[in-house]
Amino acid sequence: MRNNILRSIFCLFLLGTCLQMSATPVDQLLERIDKGASKKFKIEVKNSAQKDIDFFELDQKGNKVVVRANSWVNAAVGINWYLKHYAGIHLTWNQMKATLPATLPKVTKKERHETNLQLRYDFNYCTFSYSMPFWDWSRWEQEIDWMALHGVNLPLAIVGEECVWRNMLLKLGYSEEEIGQFIAGPAFLAWWEMNNLEGWGGPLPLSWYQRQEDLQKKILKRMREYGMFPVLPGYCGMVPHDAKEKLGLNVADAGLWNGFQRPANLLPTDPRFKEIATLYYQELTKLFGTSKYYSMDPFHESSDDSAIDYAAAGKAMMDAMKAVRKDAIWVIQGWTENPRPEMVDPMNNGDLLVLDLFSECRPMFGIPSIWKRVDGYKQHDWLFCMLENFGANVGLHGRMDQLLNNFSLARQQHGKHLKGIGFTMEGSMNNPVMFELMSELPWRQTIPTKEQWTKEYIKARYGLHDTQDQALLAEIEKVWDILIHSIYNCPAGNNQQGPHESIFCGRPTLNNFQASSWSKMKNYYDPDATLEAARHMVSIADKLKGNNNFEYDLVDICRQAIADQARVQYLQTIADYNAFRRKAFLKDSKRFLDLLLLQDELLATRSEFKVGRWIKEARNAGNTTAEKDLYEWNARVQITTWGNRYCADTGGLRDYAHKEWSGLLKDFYYKRWKSYFDALDRQLTIGTQPQPDMLGGGENANKTASELFAMALPQDIKLDYYAMEEPWTLAHNAYPAQPEGDCVEMAKRVIKILSK
């Protein structure tokens, strides 16, 4: 009897294993969304009648929704389309699971969508450091599912590139210590991979290499199961800056990047170029296999160097890649001076795929912009990409009209070599509305207006229907009508990099505007618009309490309202100081600081806006206390000083990756602002009391008229901010990662305070 029971259990186990192995990638995706969901769909993958056309169809067979497509990814797009437009379910970063109805809404008429934009790319190098340096397989699995649902079939796959380099450098004679001085730490690997810096944030523990190798193998396995084409990192001639002395190589010194030592560029004329490139690809292939696509961005953000023959360099890199796989395609970012015409003009069509990185704002492909290239990319294929976010900054932002207009022009006027689209954000997991819009554009026959499209988005986002409470639907529509005509519609001519930066996050001065030195920020919407949108959200919050997507947006929109009103409050506070109104200054500066702490408390209600979540991911990546401390330091430095004192004070990257996150606001940004306002108050206090110079002439008696005039102007304060900032980067105090408090009640309190 006991043997029969064991036999039965074993048979059930084998049956379950076989069923799991036979399930399609889309069936498995559905099961991760909602257990049992795969039984409600019938997935059919068949070849497209036209080789250059991708498609998906929605149909009905009995009680099952049928999704037909010519690939697993396109089938996943069909699933996502159905869930949004039929079932009112929106899956995105803040919500990748859902409870599907017991009986799904029927597809009453077969619906078909086609596109000739067959390549859909994902990721910027920076995304791997600003958003996901510490992700584990569980988090990566969710992201790959998000990619499939949104049509991505060409993902950049550079996790574990450092493993390839370590193996290669060991064979070239570098020691572990020397390698540690070359390869950057986890939160800065992207800029090492783009030839911008060496060693910062390291050295990496040996356990990190094994962790990343194992993780990349899982990532690639899942991507390939979906039928995606992972873009692997190619070899573009980068070598350690001491390679001339160490290996006797002919190199071009790349100098400094924002104060950091850059790696050198191995000259293509060096007889060992082919040998080193071959060694690199051997190690890459040994670990992660080959690919049809390889990413290389040589000479990234660097001035032209007369020592480099760019045409020869391009040929050497292309030849090395083609030696691995004859049909391989070089994927290169269209950014600032790259790709240099002299490097790529001699290449054949089909050998190069250019990512027009910032198509919604500064396109290079041929339409008017400050980066316009008259002939576009000439004979080369390219992708229309949306950058959207820089530095993973937190903030509502979008260029809806520009995105729709530029995409339309790209298809109509510059579509000869247009092969697809791309998500090229520096930071992920923000502004889902913009990524949803971008992901749908290839599949729509006509380009919708932002008003038409947003009405559909609202229903999917919050699971609303026309037959529901009309007053509720009307209020939601008011919210989004305000947003898409203000903060989500950054106009042409405004070239700012990503969202309007929060006043809380910049080092204080008498003329604070942008937080980071690269933002190019310019006002383009009324700050009262986001406050009005927040009021409408709060007015219906009780009716939608528990709706995860609504509560995420409620906090995000209220957060934006606080940040925008705080900027107004700051200007009033500085006006008080300039007017020598000390009582008003004390009152208004206190209100500003209170708003900062209010922001911290609001954001604590959602885990997505907590520094504790970021730090927890970092510490979880380590095995020992020393490793955990190193990774936490990486995490803390990147979002604050970015580098050492020189970098923070002079290099230009300080606060580039600033975050409006709970914990960071009250413990980091608050300290800077409180110190600054206290210093200004001391100036006001000193100004009301007689000074020695006033009583007896003193040194000021001999000053020139211009010097006396300058002294009469309001004086700014110079504080040693780095001395305040560095201790936080070195600390290991714990921050909670889970939500704290009721976001609906907190949002009500926010509106009450902002309305005073």
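# Strands, core and aromatic pairs in a predicted model

User: In this predicted model, which residues of strand 14 point one way and which the other, and are they buried or exposed?
Analyst: In a regular strand the side chains alternate between the two faces of the sheet. Here Ile-329, Val-331 and Gln-333 point one way from strand 14. The other way point Trp-330, Ile-332 and Gly-334, and all of these residues are buried.

User: How many of the residues of strand 14 are buried?
Analyst: Strand 14 covers residues 329-334 and is mostly covered. The buried count is six of six.

User: Which residue is the bridge partner of Tyr-293 in strand 14?
Analyst: Strand 13 (residues 293-295) and strand 14 run parallel, joined by three bridges. Tyr-293 has its bridge partner in strand 14, and that partner is Ile-329.

User: Is the crossover from strand 13 to strand 14 right-handed or left-handed?
Analyst: Between strand 13 and strand 14 the chain passes through helix 12 (residues 310-324). The unit is a β-α-β crossover, and its hand is right-handed.

User: Which residue of strand 15 stands opposite Trp-330?
Analyst: Strand 14 also pairs with strand 15 (residues 352-356). Five bridges join them, and they run parallel. Opposite Trp-330 in strand 15 stands Leu-352.

User: Where does strand 5 place its residues, and are they buried or exposed?
Analyst: Strand 5 spans residues 119-122. Leu-119 and Tyr-121 lie on one side, Arg-120 and Asp-122 on the other. Both faces are covered, and all four are buried.

User: Which residue is the bridge partner of Asp-122 in strand 17?
Analyst: Strand 5 and strand 17 (residues 418-423) run parallel, with four bridges between them. In strand 17 the partner of Asp-122 is Phe-423.

User: Which residue of strand 6 stands opposite Tyr-121?
Analyst: Strand 6 (residues 154-155) pairs with strand 5 over two bridges. The sense is parallel. Tyr-121 stands opposite Leu-154.

User: Which strands are the edge strands of the open sheet in the order 8-12-9?
Analyst: This sheet has three strands with antiparallel pairing. An edge strand here pairs on one side only. The edges are strand 8 (238-239) and strand 9 (251-252).

User: Which residue in strand 12 is the bridge partner of Val-251?
Analyst: Two bridges join strand 9 to strand 12 (residues 264-266), and the strands run antiparallel. The partner of Val-251 is Leu-266.

User: Which helix gives the most to the largest nonpolar core?
Analyst: The largest nonpolar core has 256 residues. Phe-41 and Trp-480 have the most contacts inside it. The helix that gives the most, with 12 residues, is helix 19 (residues 548-578).

User: Which residue of helix 3 is in contact with Phe-41?
Analyst: Beyond its neighbours within four places in sequence, Phe-41 is in contact with residues including Leu-30, Ile-79, Tyr-82 and Leu-104. Helix 3 spans residues 72-85, and one residue in it is Tyr-82. Not counting residues up to four places away, Tyr-82 touches residues including Leu-58, Pro-105 and Phe-41. One helix 3 residue in contact with Phe-41 is thus Tyr-82.

User: Why does Tyr-82 count as buried?
Analyst: Buried means under 20% relative accessible area. Tyr-82 counts as buried because its relative accessibility is 0%.

User: Which backbone oxygen does the side chain of Asn-549 reach?
Analyst: Asn-549 lies in helix 19. Asn-549 counts as buried, at 1% relative accessibility. Its contacts beyond four places in sequence include Asn-94, Arg-461 and Tyr-462. At 3.2 Å, its side chain reaches the backbone oxygen of His-90.

User: Is the pair of Phe-123 and Phe-128 stacked or edge-to-face?
Analyst: Both Phe-123 and Phe-128 are buried. Their ring centres are 5.2 Å apart. Their planes stand at 70 degrees, so the pair is edge-to-face.

User: How many residues apart in sequence are the parts that Phe-592 and Trp-673 tie together?
Analyst: Their aromatic pair is tilted, at 4.8 Å centre to centre and 55 degrees between the planes. Both residues are buried. Phe-592 lies in helix 20 (residues 582-603) and Trp-673 in helix 24 (residues 664-687), so the parts tied together are apart in sequence by 81 residues.

How values were computed. Residues numbered from 1 in each chain as written. Predicted model: local features only at pLDDT ≥ 70, side-chain atom pairs only at ≥ 80, totals over all residues. Heavy atoms only, no water. Buried < 20%, exposed > 50% of the residue type's maximum accessible area, 1.4 Å probe, protein only. Pairing = 2+ DSSP bridges. Right-handed = clockwise from strand over helix to strand, strands pointing away. Core = buried A, V, L, I, M, F, W, Y, C linked by side-chain atoms within 4.5 Å. Contact = heavy atoms within 4.5 Å. Polar contact = N/O pair within 3.5 Å; in protein donor to acceptor, adjacent residues only side chain to side chain. Phe/Tyr/Trp six-rings, centres within 6.5 Å; stacked < 30°, edge-to-face > 60°.
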